[in-house]
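Biologist: Could you walk me through this one? I'd like to start with the aromatic residues and then move on from there.
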Amino acid sequence: MKFDRIEAFLNRIVGFFRRLFCSLKNRLSSLRAFIKAKKTALHIESFGYYYTRFLRKSRLCRKIRWFYKNKFKPFWAGFNLLNSIFHRTACLLRLVHLYRAADFFDGAMQEKSGINRHVFYRYLLKELFLYFFVAFLFFFFIFFVNQILLVIQKILEKKVPLWDVIRLMTYALPSIIAQSAPFATLVGFLMCLGRLVSENEILIFRASGQSYKTILLPVIFLGGAISVGSFFVNDYLLPLGTIKYNSLYRSILSSNPSVELEPNSVKKTVDKTLVIGNVTNDQVSDLIFFDTGTDEQQRIIIAGKSVVKKSKDPGVLMTLDMNDATVLLFDRARRGNYDVLSSQGMNLNIFESSISSTSSRVSPREMTSYDLHKKIKEMETSGEFTQKKLNSYKLEYNKKFSLPFGSIFFAFLALPLALLFGKHNGQTIGLIIGIVICVLYWTMMILGQIFGNRGGLNGFAVMWAPNLAITLAGGIFYIKLIGK
């Protein structure tokens, strides 16, 4: 019993102090120190005596032992926490006249036949989470290599400090996590359920009289939990990481402007285009700059060799010191007339907003869903913004919900697909089908963003269309599964 263990523990403590006292008595040469140690041992011995006399043999102690042995121990042996929670929930639902919901929670309790659903729930949740974790690492690696390492390689070639590169990679992780979680849910669940079907574990469970709803409940529950976690990452950590990433990237550009200048590349913005030739350290050759001035005149600036210099002016990313520069000025109204200017040297300021996507203004990606909702309401009230810009904010707002909560829809689709097509080689079939569906889903998301930004389609419709398609497909397969 627990009280016997406590008594033995106290006895060991008393014995320990007694041995300590004996060793100190032999080593201490001072009589005063010896007397103090002896008093300490006497106090410990008296504590043990009073414990034995008043606590162990007291009436209260005997009542506690009796209650533990005859009341608490039998109750705890037959106690089922989930059954108790479901039963209390069903009682509360009946008080508010929600009888159908109360019957559902009563049906989720352990049955009189002895079949404990909760053991199956724990087993299935553990297996689902294990396969989800493996699939998450798979997709995380793919997105990490695709989005991060290619950017990091360009930065490392410009001799940027390694610590700054590690910080950039860290700040970009929330974006990868938010993208990987829904796809990992589908692939992981398909592989897990496919394995259970191939090894006839689902057949055994069905043979015990359980319905597909019993299997669907833990699948949907874990999918919902993954969606909530993914939404937190997408709504809070992603804007925070994006802000930190852009801030650090701007500081890297200000200290080393040549990071943004890729050799033999073209940088395009709304009304500016920069054609870059060879880049060697801070020197650029064959540079062409297309621009439209404030007077609506088109101009082309050509330079044979240029030197990239840092700029101390706010908002200016870099200054190009051009040698043998030539400027062509065109008038839109009269394109046959143009002016030509040539000079041995010229300085051209390149602003952050002209060449880098990480400008100082706050983008929709850097806002939470609450901030985006407020911003959209302000834009609709003021009417000072274009419909294209307003639609870009609505797209990002709906994406913050549609992408993370896609895990629930994927979980709903995974169950009928695995049970219908996973009878033979369920893990392999689940992996193949899951990857194909993920590619189609990602394609629909990308096309939705393109048509939403360029075509002005409704942001809610294009962002939630993939989830709606997944839901319809899952419903069709589930009805087919029940009919089979």
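Modeller: Gladly, with the reminder that this is a predicted model. Searching the whole structure turns up 20 aromatic pairs.

Biologist: Take Phe 412 and Tyr 478, then: why is that pair called tilted?
Modeller: The ring centres of Phe 412 and Tyr 478 are 6.1 Å apart and the planes meet at 40°, so the pair is tilted. The two partners come from distant parts of the chain, with Phe 412 in helix H14 (residues 406-421) and Tyr 478 in helix H16 (residues 459-483), 66 residues apart.

Biologist: Is Tyr 478 buried or exposed?
Modeller: Tyr 478 counts as buried, because its relative accessibility is 12%, and the cut-off for buried is under 20%.

Biologist: Which aromatics form a cluster?
Modeller: One aromatic cluster is made up of Phe 138, Phe 139, Phe 143, Phe 183, Phe 410, Tyr 441 and Trp 442.

Biologist: Back to H14 for a moment. What does Ser 407 touch, leaving aside its neighbours within four places in sequence?
Modeller: Ser 407, which is found in helix H14, is in contact with Ala 181, Pro 182, Thr 185, Gly 223, Ile 226 and Ser 227 once those neighbours are left aside. Ser 407 counts as buried because its relative accessible area is 0%.

Biologist: Let's zoom out. How many helices and strands are there?
Modeller: The protein has 16 helices and seven strands. Of its 484 residues, 39% count as buried, and among contacts with a separation of 6 or more, 67% are between residues 24 or more positions apart.

Biologist: Now empty space: how many cavities of 30 Å³ or more are there, and what lines the largest?
Modeller: The count is three cavities of 30 Å³ or more, and the largest holds about 90 Å³ of space. The lining of the largest cavity consists of Ser 175, Ala 178, Gln 179, Asn 234, Leu 238, Arg 365, Glu 396, Lys 399, Lys 400 and Leu 403, which by class gives three nonpolar, three polar and four charged residues.

Biologist: Which helices supply at least two residues each to that lining?
Modeller: Helix H8 (173-198), helix H10 (212-255) and H13 each supply at least two residues of the lining of the largest cavity.

Biologist: And what about pockets, say the second largest: how much space lies in it?
Modeller: The second largest pocket has about 650 Å³ of space. It is lined by 14 residues, of which Pro 364, Ser 392, Glu 396, Gln 449 and Asn 453 are the closest to its centre. The elements that give two or more residues to this lining are H13 and helix H15 (426-455), and H13 gives the most, with seven residues.

Biologist: What is the make-up of that lining by class?
Modeller: The lining of the second largest pocket has three nonpolar, four polar and seven charged residues. Glu 396 is listed in the lining of the largest cavity, and Glu 396 is also one of the residues closest to the centre of this pocket.

Biologist: H13 keeps coming up, so what are its dimensions, and which of its residues are buried?
Modeller: Helix H13 (residues 387-402) has 16 residues and spans 22 Å from its first C-alpha to its last, close to the 22 Å expected at 1.5 Å a residue. Its buried residues are Leu 390, Asn 391, Tyr 393, Leu 395, Glu 396, Asn 398, Lys 399, Lys 400 and Ser 402.

Biologist: Changing topic to the backbone, where does His 97 lie, and what is its phi?
Modeller: His 97 lies in the loop between helix H4 (81-95) and helix H5 (99-107), and its phi is near 65°, a positive value in a residue other than glycine. With a relative accessible area of 57%, His 97 is exposed. For context, most residues other than glycine have a negative phi.

Biologist: And Asn 200, how exposed is that one?
Modeller: Asn 200 counts as partly exposed, at 40% relative accessibility. Asn 200 sits in the loop between H8 and helix H9 (201-207), and it has a positive phi of about 65° although it is not a glycine.

Biologist: Last one: where is Asp 324, and what does it touch?
Modeller: Asp 324 is found in strand S6 (residues 316-331) and counts as exposed at 58% relative accessibility. Not counting residues up to four places away in sequence, Asp 324 touches Ile 302, Ala 303, Gly 304, Ser 343 and Gln 344. From C-alpha to C-alpha, Asp 324 and Ser 342 are 7.1 Å apart in space, with their positions 18 residues apart in sequence.

Key
Residues numbered from 1 in each chain as written. Predicted model: local features only at pLDDT ≥ 70, side-chain atom pairs only at ≥ 80, totals over all residues. Heavy atoms only, no water. Helix = DSSP H or I, 4+ residues; strand = E, 2+ residues; numbered from the N terminus. Expected span 1.5 Å × (residues − 1). Buried < 20%, exposed > 50% of the residue type's maximum accessible area, 1.4 Å probe, protein only. Phe/Tyr/Trp six-rings, centres within 6.5 Å; stacked < 30°, edge-to-face > 60°. 1 Å grid on protein atoms, 1.4 Å probe; cavity = no way out; pocket = protein on both sides within 12 Å on 5 of 7 lines; lining within 4 Å. Points joined across faces, edges and corners; volume = space filled by probe spheres on them. Nonpolar A, V, L, I, M, F, W, Y, C, P; charged D, E, K, R; others polar. Contact = heavy atoms within 4.5 Å.
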